[in-house]
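Let's take a walk through this structure together. Have the sequence at hand and turn the view as you read.

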Amino acid sequence: MARLIPLDLPPAGGHEHQAQLRLPQRSPARALPLLCLLDGQWTLPLLEQSGNPALERCAVLALGYAGDPEHIKRCRALDYTPPAPDGALWTDPRVPRWQAGGAPAMVEQLRLALALCRQAEPALASSPASLYGHSYAGLFVLYALVRGALPLDRYLCASPSLWWRDPLVWTLLEGAAAPACVDILAGASEAWYPVSAQAAGPEGRRNGVPTLPAMQKLQSLLQNRGLAAQLHVLPDAGHGQMLAQATVRALELVAVAPQP
């Protein structure tokens, strides 16, 4: 069985974060790549359930939350979203009861989690580190890319919430600087809806706008900024299917990356 090492993070943003380091059962002959998973309460179990052999070629840091679904939604809305232009907190544009803009504090939480990983497993000190997130967490990946303040070599964003306070994300990305490796994972059948799933009611959401053109625009913008940006389109995947499919794909991309 894999080795799971719990990491003790102090509360941040008014709530706790659960962090654990997953290492393969067998000690590797060389340094493993380190994949940092946001929403670890979902993404790490998805990887375990997949049984993907790439798990034996990668160390995984899972950073997530405990609690009921509404609590997790509130935590994600706060942690994964950029602050207002003056640096203050503000509200989520689609769910005003959610506080937003806590990404700077989350950057520091991730910095601490990475340091704790390398204390728990010194062999990871020389390992390339990658950050992965989906949807709101994908938005945070792009924010972390722009900040450039974390010891990361690769950024993987799946279905990032580019619509969030549009055009804020595009303005922030003008500050993205090379060198950095970015992987954009998108579902061929994904669409954006002007109302949240909660507000749509029992009839569901309508008038979805395909998001693949926005992902292509994102790739082009990053490439024009001098970054190595790749777009990976997952066929027949809608937003609901992307969490599982993109998480496994991110593992595969990181596990086969050339080692320094």
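A good place to start is P167, which sits in the loop between strand 8 and helix 5 (168-173). Keep in mind that this is a predicted model. The peptide bond leading from D166 into P167 is cis, with omega near 15°. Most peptide bonds are trans, and most residues other than glycine have a negative phi.

That brings us to two further spots in the backbone. S135 is not a glycine, yet its phi is positive, at about 65°. You will find S135 in the loop between strand 7 and helix 4. D236, also not a glycine, has a positive phi of about 65°, and its loop runs between strand 12 and helix 8 (239-255). Is D236 buried or exposed? D236 counts as exposed because its relative accessibility is 68%, and the cut-off for exposed is over 50%. S135, in turn, has a relative accessibility of 11%, so it counts as buried, the limit there being under 20%.

Now step back to the sheet. Its 8 strands form an open sheet with mixed pairing, in the order 1-2-4-3-7-8-9-12. At the edges are strand 1 (3-7) and strand 12 (228-234), each of which pairs on one side only. On average, neighbouring strands of this sheet are turned by 20° against each other, direction ignored. For a look at one pairing, take strand 8 (residues 154-158) and strand 9 (residues 181-187): they run parallel and are joined by 5 bridges. Here A158 of the first strand named stands opposite L185 in strand 9.

Helix 3 (residues 103-120) packs on this sheet, where it touches strand 1, strand 2 (18-23), strand 3 (34-38), strand 4 (59-64) and strand 7 (129-134). The direction of helix 3 makes about 145° with that of strand 4.

What about the interior? In soluble globular proteins, nonpolar side chains tend to be buried together. In this model the largest nonpolar core has 65 residues, and L34, L61, L131, F140, L218 and L222 touch the most other members. Helix 4 (residues 136-147) gives the largest share of this core, 9 residues. Apart from it lies another core, of 23 residues, including A54, A62, M242 and V254.

To finish, zoom in on L61. Leaving aside neighbours within four places in sequence, L61 is in contact with L7, Q20, L21, L34, L35, C36, L37, L110, A113, L114 and C117.

Notes:
Residues are numbered from 1 along each chain as its sequence is written. This is a predicted model: local features need pLDDT of at least 70, side-chain atom pairs count only at pLDDT 80 or more; totals for chains, interfaces and linings use all residues. Side-chain values use heavy atoms; hydrogens and water are left out. Two strands pair if DSSP finds at least two bridges between them. Helices (H or I, at least four residues) and strands (E, at least two) are DSSP runs, numbered from the N terminus. Axes are lines fitted to C-alpha atoms, for helices over the stretch in contact, and angles run from 0 to 180 degrees between N-to-C directions. Contact means heavy atoms within 4.5 Å. A nonpolar core is a set of buried Ala, Val, Leu, Ile, Met, Phe, Trp, Tyr and Cys residues joined through side-chain atoms within 4.5 Å. Buried means under 20% relative accessible area, exposed over 50%, partly exposed in between (1.4 Å probe, protein chains only).
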